[in-house]
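Got your viewer open and your selection box ready? Here's a short walk through some helix pairs and a pocket.

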Amino acid sequence: MSHAIPVNPESDAAWAPGSWQRRQALQQPTYEDAAELARATGQLAALPPLVTSWEVLALKHALAEAQEGKRFLLQGGDCAESFADCTSPIISNRLKVLLQMSLVLVHGLKKPVLRVGRFAGQYAKPRSADTETRDGVTLPSFRGDLVNSPEFTPEARRADPQRLIAAHSHSALTMNFVRALIDGGFADLHHPEYWDLAWVEHSPLAAEYRRMVKAIGDSLRFMETLAGPIAGFSRVDFFTSHEALLLQYEEALTRQVPRHQGWFNLSTHFPWIGMRTAALDGAHVEYFRGIRNPIAVKVGPSVTPDQLLPLVDALNPEDEPGRLTLIHRMGSTQIGQALPRLLDAVKREGRRVLWVADPMHGNTEATSNGYKTRRFDNIRGELDQAFDIHAAAGTRLGGVHLELTGEDVTECMGGARDLSEADLDRAYKSMVDPRLNYEQSLELAMLIVRKSTGSLGI
């Protein structure tokens, strides 16, 4: 989306799950053996889906409510999942972070929070170059565990079709465990203290969070004293999302279901198109325009109204409620100039979208000691500006999209403990992009409430 692209005459052609193959497909790996790839995708197409159509439609309805200001979307998780991180502690800690953040947001914003995890499928990543060179040796870039391995050897960097099957397996294991935790009462609002992570005791925000937990518990007990047990507080709705980057994988999990028209991507509830693959005449837009899922598009600072409006028309021609989310990721120094013109254009055309802020991806920088990082002040700054810009435009910021983890990592500088460049050496674990740790994530949730309401409401 770095330059205007005319509408392709084929855009009105009959859609099918594989019609994207008629278009230019960016950010796709090169597989050496076409027959091996065909066998793997055939096997994948025969496996059970990872989500259901009724879950997908329930999410679309909830996103439509978020467009009307009745809900707030919290979308978060790892920048890139790894197969090795498919363990119960990592999955449960990631879920705890999102539940704790949503607890802060529900209590402060006084509205339901829609929880969507960036996991159970976030195994592929776009790359700025197809190859990487070290000491005179050039190999394919690491494109995530869905494609190859990070080790710098020819064997590891080979695009392996069997990883498509492995990704489905690890996604299914993750989904199964998350569903079991939620159905078993892991998210019971009667016991939010169960969501604490082991090292929360040392957080500067611990006392503030516990005051909030006590206030929620007192309110819940008071209501149940008057009205008896209240249904719905023992579990929460939870959905998954990932960037639908590798189209062979997505096509194989695109299915028709009984009693519903059209096609559903059943690899995830909420797929999105990244900024690098959002060309109007590209393969990803062609694929996305035909699925019935709610979908999202990342929008960067170089996008103009003349580029964005045709994309909105292509992806949501019927202006269906809950269908399209636009995730703006501008950077704290560019959002003031880049975002207002897009908000004005979409509002002027009367198009129904959910606006969401991603304050992470536009604020990445490199340190002198070679780490990729983000400054908490810049993340907070972009988010502050986003709320103000939407208020000035008469539009609504309906959610946030964050890269975060439940682990005690040191990848983003600043925050409650004022992590410095020197601190990055202690626990930098990300394979690709720096993530907010638990404390920084919880702090950001509190800042969102303060920005929206002027206080935490406790």
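A crossing counts as right-handed if the near helix is turned clockwise from the far one by less than a right angle, and as left-handed if anticlockwise. Keep that in mind for the first stop, and remember that you're looking at a predicted model.

**Stop 1: H3 and H5.** Select residues 88-109, which make up helix H3, and add H5; for H5, that's residues 162-183. H3 passes H5 in a right-handed crossing. The two helices pack at about 55°, and their axes sit 10 Å apart. An angle between 35 and 65 degrees falls in the oblique class, so H3 and H5 are oblique to each other. Now show side chains: from H3 you want Ser88, Ile91, Ser92 and Leu95, and from H5 Thr174, Phe177, Val178, Leu181 and Ile182. Colour this contact by class and you get 6 nonpolar residues, 3 polar and no charged.

**Stop 2: H1 and H5.** Keep H5 and swap in helix H1, residues 34-46. How do the axes of these two lie? They come within 8 Å and cross at roughly 20°, which makes H1 roughly parallel to H5. On the H1 side, pick Leu37, Ala40, Thr41, Gln43 and Leu44; they meet Gln162, Leu164, Ile165 and His168 of H5. No charged residues turn up in this contact either: it splits into 5 nonpolar and 4 polar.

**Stop 3: H11 and H12.** Clear that and select residues 376-393 for H11 and 438-453 for H12. Their packing angle is about 25°, with 11 Å between the axes, so this pair is roughly parallel. The crossing of H11 and H12 is right-handed. Which residues meet here? H11 brings Phe376, Ile379, Arg380, Leu383, Asp384, Phe387 and Asp388, while H12 brings Gln440, Glu443, Leu444, Leu447, Ile448, Lys451 and Ser452. Charged residues do show up in this contact: there are 5 of them, next to 7 nonpolar and 2 polar.

**Stop 4: a pocket.** Last, select Lys125, Pro126, Arg276, His361 and Asp433 and centre the view on them. Of the 23 residues lining the second largest pocket, those five lie nearest its centre. The pocket holds about 500 Å³ of space. What classes of residue line the second largest pocket? Colour the whole lining and you'll find 10 charged, 7 polar and 6 nonpolar.

Definitions and conventions: Residues are numbered from 1 along each chain as its sequence is written. This is a predicted model: local features need pLDDT of at least 70, side-chain atom pairs count only at pLDDT 80 or more; totals for chains, interfaces and linings use all residues. Side-chain values use heavy atoms; hydrogens and water are left out. Axes are lines fitted to C-alpha atoms, for helices over the stretch in contact, and angles run from 0 to 180 degrees between N-to-C directions. Helices (H or I, at least four residues) and strands (E, at least two) are DSSP runs, numbered from the N terminus. Angles under 35 degrees count as roughly parallel, over 145 as roughly antiparallel, 65 to 115 as roughly perpendicular and the rest as oblique. Contact means heavy atoms within 4.5 Å. Ala, Val, Leu, Ile, Met, Phe, Trp, Tyr, Cys and Pro count as nonpolar, Asp, Glu, Lys and Arg as charged, and the others, Gly among them, as polar. On a 1 Å grid over the protein atoms alone, a cavity is a set of points where a 1.4 Å probe fits but cannot get out, and a pocket is an open set with protein on both sides within 12 Å along at least five of seven lines; lining residues have an atom within 4 Å of a point. Grid points are joined across faces, edges and corners, and a volume is the space filled by probe spheres set on the points.
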